[in-house]
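Thanks for coming. I have one structure to show today, and I will keep to its salt bridges and one of its helices. Here it is.

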Amino acid sequence: MLLTVLVCLLVPIAAASTDGAKIACQKFESAMSSSTVLPSNSEYIALSTENWSATAWGRPICIVKPSSAADVQNVVSYLSQHKVEFAIRAGGHLPSPRGANTNEGVLIDLSSLDVKEYDATMQTVKVGAGLRWGDIYRYLDQFQVTVVGGRVLPVGVGGLLLGGGLSYLSDLYGMACDNVVNFEVIIANGSIVNANSSYNADLYRALKGGANNFGVVASFTLRTYPIYNVWGGIRLYTHEQVPALYRALAEYQAQPEKDLYANLMLQPFATNQSLGAILNMVYLKPEPPAAFKPFDGIPTVGETTKFQTLGEMISGQLVPELPR
Ligand SMILES: Cc1cc2nc3c(=O)[nH]c(=O)nc-3n(C[C@H](O)[C@H](O)[C@H](O)COP(=O)(O)OP(=O)(O)OC[C@H]3O[C@@H](n4cnc5c(N)ncnc54)[C@H](O)[C@@H]3O)c2cc1C
């Protein structure tokens, strides 16, 4: 009896919660049909399960793919005015369920926001929120500059910059978000605003770690740095070497005058039986580094360290297939 009452109460609420999204999807389908993906479209399954982790896959009522800030403006204006649930996805690497996907609402997929504009005079680059770090590093290689960005190429620009962002350049220049000079943002009332140190300075500050709480960012303008040729690569180890690696890491980190050009990422794998750990190392100058000395002498099962470009070093990192 109680169950029947509950079901009767819940069904209309569940239906009502998706009704608004269904109407929104019909509207987007007629206004921007080539950018709207419905469950009946062949690409729907691939797109709704594109998030890096299966924990973040969803069944959105539809997926919209704006290709300009003005498109985002139209979509956000409608959704917020009609109080329709929606989620925002850039590179899709956040594993949190419904953090970048939805089962009841509209998924705004930013992957078509792909502007890349380098300004050599200002030493900045404007990047679309839908790009991946690999897109940006490959583009900037021709100018022999880089940005404070992700350490793994397929990670999205949008989520990493709005979440803080740890980079191989962070010891030198801070978190990735510290190097954003301008956010182009669509706020809830549908306005497009710039947030920087002179305009909307409170929003500028809030977006550095503010994730998706303050608006949809269409593009970021980032500081660039003339770092190109480096020493770096990876070393591979069996599980037996993991304790020695942690001892070396403690010694490396305890150096009183840490060399800010030396950066590393140690990844031990509890579940991958074939490989114990990967050590990614980069020295941000074309010089042989002394800083990694604590790791010398630990037996490896593979090594790729050499003089190369930063882009080559990051591309050469091994990303093992793990359950996710
Ligand atoms: C394999 C792997 C490697 C990683 N490497 C690093 C690393 O080197 N350094 C580091 O700091 N972190 C790293 N991370 C963590 C990663 O930065 C975060 O998970 C980040 O949120 C991913 O961004 P995304 O755009 O790919 O993800 P998404 O899942 O698309 O977005 C993450 C969150 O940000 C919101 N969001 C994204 N774009 C926008 C936008 N334009 N406007 C408003 N909201 C937006 C989304 O709604 C979502 O809630 C890594 C994660 C993985 C899985």
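I will take the salt bridges, then the helix.

A word on the basis. This is a predicted model, in which local features need pLDDT of at least 70 and side-chain atom pairs count only at pLDDT 80 or more, while totals for chains, interfaces and linings use all residues. Residues are numbered from 1 along each chain as its sequence is written, and side-chain values use heavy atoms, with hydrogens and water left out.

By salt bridge I mean a side-chain nitrogen of Lys or Arg within 4 Å of a carboxyl oxygen of Asp or Glu. Searching the whole structure gives eight of them. I will go through three pairs.

The first on my list is E50 with R89, at 4.0 Å from N to O. E50 sits in the loop between α2 (44-48) and β2 (62-64) and R89 in strand β3 (residues 86-89), so this salt bridge ties together parts that are 39 residues apart in sequence. Helices and strands here are DSSP runs, numbered from the N terminus: H or I of at least four residues for a helix, E of at least two for a strand. R89 is buried, with a relative accessible area of 1%, while E50 is partly exposed at 38%. The cut-offs are under 20% relative accessible area for buried, over 50% for exposed, and partly exposed in between, with a 1.4 Å probe and protein chains only. The pair also belongs to a network of salt bridges that links E50, R89 and D109.

Next, D296 and R235, whose closest N and O atoms are 3.4 Å apart. This pair links distant parts of the chain, 61 residues apart: D296 is in the loop between β12 (277-283) and β13 (302-303), and R235 is in strand β10 (residues 229-237). R235 is buried at 9%; D296 is partly exposed at 46%.

The pair R138 and D135 is a local one, at 3.4 Å from N to O. These two are three residues apart in helix α4 (residues 133-141), about one helical turn. R138 is exposed at 54% and D135 partly exposed at 26%.

Now the helix, α8. Which of its residues are buried? They are V242, A244, L245, A248, L249 and Y252. They cover an arc of only 150° around the axis, taken from the directions from the helix axis to the C-beta atoms, which puts them on the same side of α8. On the other side, R247 and E251 are exposed. The buried residues of α8 pack against β10, β11 (262-268) and β12, where contact means heavy atoms within 4.5 Å.
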